[in-house]
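Got the viewer open? Let's walk through the model one selection at a time.

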Amino acid sequence: MSTSADPTFPVLIWRGAADGAFKRYDVPRRASQTVLDVVTHVQRQIDPSLAYRYACRVGMCGSCAMTVNGKARWTCRTHVDAVATDGTLEIAPLSHLPLVRDLVVDMAPFFDKWAAAHGQFKPTATRYDDFAKVPPGTRARRAIDATIECIGCAVCYASCDVVGWKPDYLGPAALNRAFTLAKDVRDGDGIGRLRAVAGDGGCEACHTHQSCTNRCPKHLSPTASIAGLKRLVAQAAVTGRL
Amino acid sequence: MVAFAAAAIRRNDARARRHAGFLAFVVHRVSGLALALFLPVHFFVLSRALSDPAGLDGFLNWTRLPGVKLSETLLVLALAAHLAGGVRLLFVEFVGWRAEWQKTAIAAVAGASIAYALLFALAT
Amino acid sequence: MEASVARDIGVDDALRGARYAAWRFVLQRASAAVLAFCVLVHLATIIYAMRHGLTAQAIVARMHASLVWPAFYALFVVACAIHAPLGLRAIADEWLAFRCRAADVVLAAFALVLLGGGLYAVISLAA
């Protein structure tokens, strides 16, 4: 519980939409405080009109992703001590997505691109077939050990410069998902998916900046997945299957 | 889907770009741009100077001027950096990705490029 | 009926676009691999020529001595003419937002300039 004697520190939070600005709040500094704690404190104790998203608050859902001191992060997993190195915090909404208000962005374009990259599993078996048996040690399965863990938080999308420069670029998350499904031996979309990710806004637009890999809160490597897609697309093109 | 009037889209600034992979990209792109713009000039000079060997000797003398020597060294650095960085990209894209090696690979690329450029600069 | 025809045309455009993009990628990387070899040789010959103080006559004589060097440089030129415009295409698209058909025309023209200028230089050397 905070008292009026707690030392405070300045926090800049983006308020408004297109014509908005950073607004300063003085927030009590406490031990083990996370950035989500700070935002929640502002909304509950100072300004109830602040709009933001969170759900699990324990680093499982990815809903609380925001830009903190210039970098996309999960605010529930970001300790203030780790990022407020000069004693201040700047909290802004995620980049590269349309701003709704304050710290809330419209995630629709992110998921539209997920769909455009054929990020949906296409089943081939029926209920009358036996369960698919996918040995965990096979190369194809091991290639997606990490990639299946993506929860679609958009931190990578917000961190990718190519997404910022090229509006059609599908982005690291959608392409990571496409790679995951391309390596899923049960999936039946094969060439259709490769065609979806081969176009102008597809995997070839990745320049291996590794910003996505750098920032992914689950330590995934969309860079590696996209490199895998490049290989698959190149093989398909050269063998005439594309 | 609800449409938002003139929705703002936030962009990243330099704080999001301070990591090795992005720096490696910038070096690769800038060096590539410099080389691409230099190439037509290079071909033109070669075709003129080499069809007239006496002209080439005169040209080679001109290249000994310090300003020209510096520009040449920078171009050679650009070529070495673009090559080394490009080989790293070909490795990542076609051989495989090793997350733990990336920073080391980028450092090795930088080291090799600078070493070659120094070799060039000191060779006369 | 018309809607499905329109959709098919859209699908065909997308497929053509996908194949075109995929081939651009393949050519860019293939020319990169060729250039990796050519540039290594080029960097070595630069140092060699400087160390040995080769004159213009010496360089031209080596070009006339066999077909190997002219063939090497011709390959070098072709690889450059593919690789450089594709690289510039990405820069034009991402940093200048210049990404329409006109961009492709300009870059194809640049490719021809490189090819023509480069092969002319090789022929001047070897002939």
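A salt bridge here is a side-chain nitrogen of Lys or Arg within 4 Å of a carboxyl oxygen of Asp or Glu. This is a predicted model, where local features need pLDDT of at least 70 and side-chain atom pairs count only at pLDDT 80 or more, while totals for chains, interfaces and linings use all residues. Residues are numbered from 1 along each chain as its sequence is written, and side-chain values use heavy atoms, with hydrogens and water left out.

Start by selecting chains B and C. How many salt bridges does the rule find across the interface of chain B and chain C? There are 2. Zoom in on one of them: B:Arg29 pairs with C:Glu94, with the closest N and O atoms 2.8 Å apart.

Next, colour chain B by helix (a DSSP run of H or I, at least four residues, numbered from the N terminus). On the side that touches chain C, at least two residues each come from H1 (20-50), H2 (53-62), H3 (66-95) and H4 (102-121) of chain B. H1(B) gives the most, 11 residues.

Now show the whole contact (heavy atoms within 4.5 Å). Chain B puts in 30 residues and chain C 37 residues.

Last stop: select C:Cys38 and C:Cys80. Why is C:Cys38 not bonded to C:Cys80? Their sulfurs are 7.6 Å apart, so they are too far for a bond; a disulfide needs two cysteine sulfur atoms within 2.5 Å. Over all chains, the count is 0 disulfides. C:Cys38 is buried (under 20% relative accessible area, 1.4 Å probe, protein chains only), at 0%, and C:Cys80 is buried at 9%.

Definitions and conventions
Chains lettered and ligands numbered in written order. Buried < 20%, exposed > 50% of the residue type's maximum accessible area, 1.4 Å probe, protein only.
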